[in-house]
Amino acid sequence: MRIGVFLVVAGFPGREPGEVLRDTVEAVVAAEEAGFDDAWIAEHHFMSYGVCPSAVTLAGVALGRTGRIRVGTAVSVLSTQHPVALAEQAAILDQVSGGRFVLGVGRGGPWVDLEVFGTGLARFERGFPESLDLLCAALNRETVSADGEFFRFREVPMVPAARLRPVVACTSSRTVQLAAERGLPMLLGMHIGDADKADMIRAYGREDPGHVAAVVGHVGDSTAQAVRELKETMPRWLGPGLAGYVPVDGRARSDRDISGYVDFLCDTHPVGSPDHCVEKINRTAEVTGLRHLILMVEGAGDHARTLENIRRLGAEVLPRTRGRAL
């Protein structure tokens, strides 16, 4: 069983983005010291939900501050970037870190960043397969060229060359099928529970190439205390944060019941005493067959509490989940 941390780089009220970014790097260092296998950094644009606009850049900083832990992006938004440029950045981090970088990519959403970066709604709505195939080619070939709807260019050498397989964020059956056809591992979100994760893995229909799933991970002296803490803090972040998703084309955006969502997260994921967290992680492994979980550890909104959470999870939970026969 592999266990990592998932860092949204959450912009809780009252915290400056620069401070949050620096604290995120410190959290990766703490995760390495606590024994976690990897750390994954999220990317968001023009919103407080997450204040890291370049997960690749921040991953590079974190890799430079660490020596063992793998660092990944969860995810780099492919619809707003050129796949070859992203592959070049990934190759640099792969080469200089000794193979400790993991590239996670996602389709993103119909958000305003499509307008700002000039890629347009079409790249989001129908361009993701072409973008993903070009990215995979650039990550695994000495040379690359393109003759598609969105990308056309002559053959060029990939310098530096890499041999990387991206992880693909999957939130729909269409993306699950896309990942399965290419044999790419899925990244499953914390917004769904074990049963839905198991359904998506069954729909994938192939041998597990290394799927990853995000869950909330928050440990306290008791389950009641841990749940109470997150129910007090997370709505202050999630309310304004989720409101930052602005559609590019005026389409209606569904509003989420924030309090109900926090209840779901606390009920579904390892939020509680060390015993409760171990039980939840083991249960997820049994129901889904997943062998790699990443724990979102920032839910309290306070950097000191995040570091404490990472250290306690490392000392009191990780040793009791690793090495399970699945």
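Two strands are said to pair if DSSP finds at least two bridges between them, and I begin with that rule because it decides how we read the sheet in this model, which is a predicted one. Take strand 6, residues 104–106, and strand 9, residues 167–169: two bridges join them, and the two strands run parallel. If you want to find one of these places on the screen, look for glycine 104, whose bridge partner in strand 9 is valine 167.

Now let us step back to the whole sheet. It is an open sheet formed by 10 strands, with parallel pairing, and the order across it is 4-6-9-10-11-14-1-2-3-5. At its edges are strand 4 (76–77) and strand 5 (101–102), each of which pairs on one side only.

Strand 2, residues 38–41, holds the next residue I would like to show you, aspartate 38. Is aspartate 38 buried or exposed? Its relative accessibility is 2%, and since buried means under 20%, aspartate 38 counts as buried. Its side chain makes two polar contacts that we can follow in turn: with the side chain of histidine 292 at 2.7 Å, and with the side chain of arginine 2 at 3.4 Å. Leaving out residues up to four places away in sequence, aspartate 38 also touches several others, among them Ile3, Gly4, Ile69 and Arg70.

Histidine 292 leads us on to another residue, because histidine 211 has His292 among its contacts, as well as Leu184, Pro185, Ile201, Tyr204 and others, once neighbours within four places in sequence are set aside. Histidine 211 sits in the loop between helix 8 (194–204) and strand 11 (212–216), and, with a relative accessible area of 2%, histidine 211 is buried. Which backbone atom does the side chain of histidine 211 reach? That atom is the backbone nitrogen of methionine 186, at 2.9 Å.

Finally, I turn to the space enclosed inside the model. The count comes to one cavity of 30 Å³ or more, and the volume of the largest cavity is about 110 Å³. The lining of the largest cavity is made of 13 residues, and those nearest its centre are Arg15, Asp23, Glu298, His303 and Thr306. Helix 1 (17–34) and helix 12 (303–316) each supply at least two residues of that lining, with helix 1 giving the most, namely four. Sorted by class, the lining has five nonpolar, four polar and four charged residues.

Terms used: Residues numbered from 1 in each chain as written. Predicted model: local features only at pLDDT ≥ 70, side-chain atom pairs only at ≥ 80, totals over all residues. Heavy atoms only, no water. Buried < 20%, exposed > 50% of the residue type's maximum accessible area, 1.4 Å probe, protein only. Polar contact = N/O pair within 3.5 Å; in protein donor to acceptor, adjacent residues only side chain to side chain. Contact = heavy atoms within 4.5 Å. 1 Å grid on protein atoms, 1.4 Å probe; cavity = no way out; pocket = protein on both sides within 12 Å on 5 of 7 lines; lining within 4 Å. Points joined across faces, edges and corners; volume = space filled by probe spheres on them. Nonpolar A, V, L, I, M, F, W, Y, C, P; charged D, E, K, R; others polar.
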